Amino acid sequence: MTNKMWGGRFQSGPDAIMEEINASIGFDQRLFRQDIAGSKAHAAMLARQGIISKADAAQIRKGLDQVQAEIESGRFRFSRALEDIHLNVESRLKALIGPAAGRLHTARSRNDQVALDFRLYVRDTIDHFDGQLRDLQLALAEKAAAHAATVMPGFTHLQVAQPVTFGHHLLAYVEMLARDRARLTDARRRMNENPLGAAALAGTSFAIDRHMTAKALGFDRPTRNSLDTVADRDFVLETLSACAICATHLSRLAEEIVIWSTSQFCFVKLSDKFTTGSSIMPQKRNPDAAELVRAKPGRIIGALVALLTVMKGLPLTYSKDMQEDKEPAFDAFDSLSLAIAAMTGMVRDMVPDAREMRKAAATGFSTATDLADWLVQRLGMPFREAHHVTGRLVALAETTGVDLPDLPLKSMQSVEARITRDIYKVLGVENSVASRRSFGGTAPGNVRREARRWLNLLKA
């Protein structure tokens with residue numbers, strides 16, 4: 001049988017394999033709200049321009065409302081034979097209102113229709129992410145404010161480097177997430193142009209008003225080149241790129257939670273809400289939520305690479321290859337949304353162990369830099385010489401089996417005779433973090449101010 005939505009060009013139906021590879025309704029049905037919103041705006045514009053009657057436009061709008069209600073209630077039956085969300089909606093609309101439904105597709109093509117639907121969907125997704133990321137920032141900033149003076153080791157190469165505060169560490173992720181939000185917002189601004197009216201690829205001979213549909217759908221303006229409009233998937237690529245970076249940030253925090261919750265670190269504890277047990281080892285409490293967040297970038301980065309690969313060699317304008325843009329993107333968006341929600345829950349749930357953090361911060365000669373700075377400030381040594389003297393003192397302490405604050409004054413003076421008892425004032429971890437008052441430093445006063453600043457911004 002012929003496909004009635006295609007018209008007279010085809011005399012028989014598709015092979016079963018063709019139907020299988022061609023149909024997208026299994027995944028693009030989630031675009032129904034965007035598809036119906038675009039059709040309503042298009043019909044209203046056609047009526048105002050006198051291209052269709054106001055009566056037909058009213059019927060179309062009423063019918064589309066019913067189609068949306070049926071889909072939202074679960075009563076709508078999607079058909080694979082109708083390929084995609086556009087033809088499924090149009091077919092049901094025709095069954096509801098008759099011939100007037102056939103006028104809806106005047107002056108548009110599925111090419112500009114899908115470009116519209118996907119832009120609207122990605123735009124809605126970005127807005128959703130922005131709210132989620134704000135909530136995660138808020139959770140981090142609240143915990144940072146509560147632990148502005150909680151000392152922990154700062155690491156480089158996963159080796160103890162210098163003491164920092166837990167609040168300062170958490171605020172580092174607030175900054176990362178702020179950049180993630182800015183990237184997504186910037187992508188949203190760039191994509192916020194109306195594709196409707198590009199039609200198949202060349203525009204249309206009908207006297208349409210693209211500015212009207214742009215305004216109705218919340219776009220800043222119409223797109224300016226019909227060829228680029230239907231060929232463009234930059235907006236998806238850019239969003240996926242921002243998602244991949246965001247997921248990488250979440251993965252880094254997830255990895256730290258995994259490390260911090262081990263019995264070797266004991267820095268934080270997660271409750272039963274975000275951990276699982278073992279089928280054989282009754283003592284286990286596994287940070288599975290963090291591990292799964294750590295893994296999600298694999299899917300999200302994969303979606304970005306997949307779409308880049310699809311688009312890399314396509315000539316202008318539309319090719320069916322571009323149907324492969326949605327399924328990986330949908331999976332990536334779902335994965336990131338779930339990862340953000342899980343991370344927000346873990347941040348609110350985790351309880352830091354201040355005693356264990358401080359104990360770890362006091363190991364590994366973490367105040368060696370403070371000692372070197374003291375030699376520069378009090379004795380006027382060039383820093384390179386102070387670095388060398390401090391290295392000798394660290395070696396002496398290591399040989400003696402003590403940390404720097406426990407090294408006797410006489411032992412220090414055997415390396416540098418001018419060292420006085422004042423040196424011990426800078427060697428405690430609390431003294432160390434308190435001294436880091438430079439802008440952006442880890443001093444508790446700095447952290448409190450920065451946490452308050454973020455909380456005010458996020459709650460505004």
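The following paragraphs lead from the interior of a predicted model to one part of its surface. Residues are numbered from 1 along each chain as its sequence is written, local features need pLDDT of at least 70, side-chain atom pairs count only at pLDDT 80 or more, and totals for chains, interfaces and linings use all residues. Side-chain values use heavy atoms, with hydrogens and water left out.

The largest nonpolar core (buried Ala, Val, Leu, Ile, Met, Phe, Trp, Tyr and Cys residues joined through side-chain atoms within 4.5 Å) has 97 residues, and those with the most contacts inside it include Leu-140, Leu-250 and Leu-336. Its largest share, 15 residues, is supplied by helix H10, residues 234–260, where a helix is a DSSP run of H or I with at least four residues, numbered from the N terminus. Apart from this core lies another, of 21 residues, with Phe-365 and Leu-393 among them. Within contact distance (heavy atoms within 4.5 Å), and not counting residues up to four places away in sequence, Leu-336 touches Phe-129, Cys-243, Cys-246, Ala-247, Leu-250 and Ile-300.

Ser-39, in helix H3 (residues 32–48), counts as buried because its relative accessibility is 1%, buried meaning under 20% relative accessible area, exposed over 50% and partly exposed in between, with a 1.4 Å probe and protein chains only. Leaving aside neighbours within four places in sequence, Ser-39 is in contact with Leu-64, Leu-104, Arg-108 and Gln-113.

Turning to the surface, Leu-227 lies in helix H9, residues 226–231, and is partly exposed, since its relative accessible area is 35%.

Definitions and conventions
Helix = DSSP H or I, 4+ residues; strand = E, 2+ residues; numbered from the N terminus.
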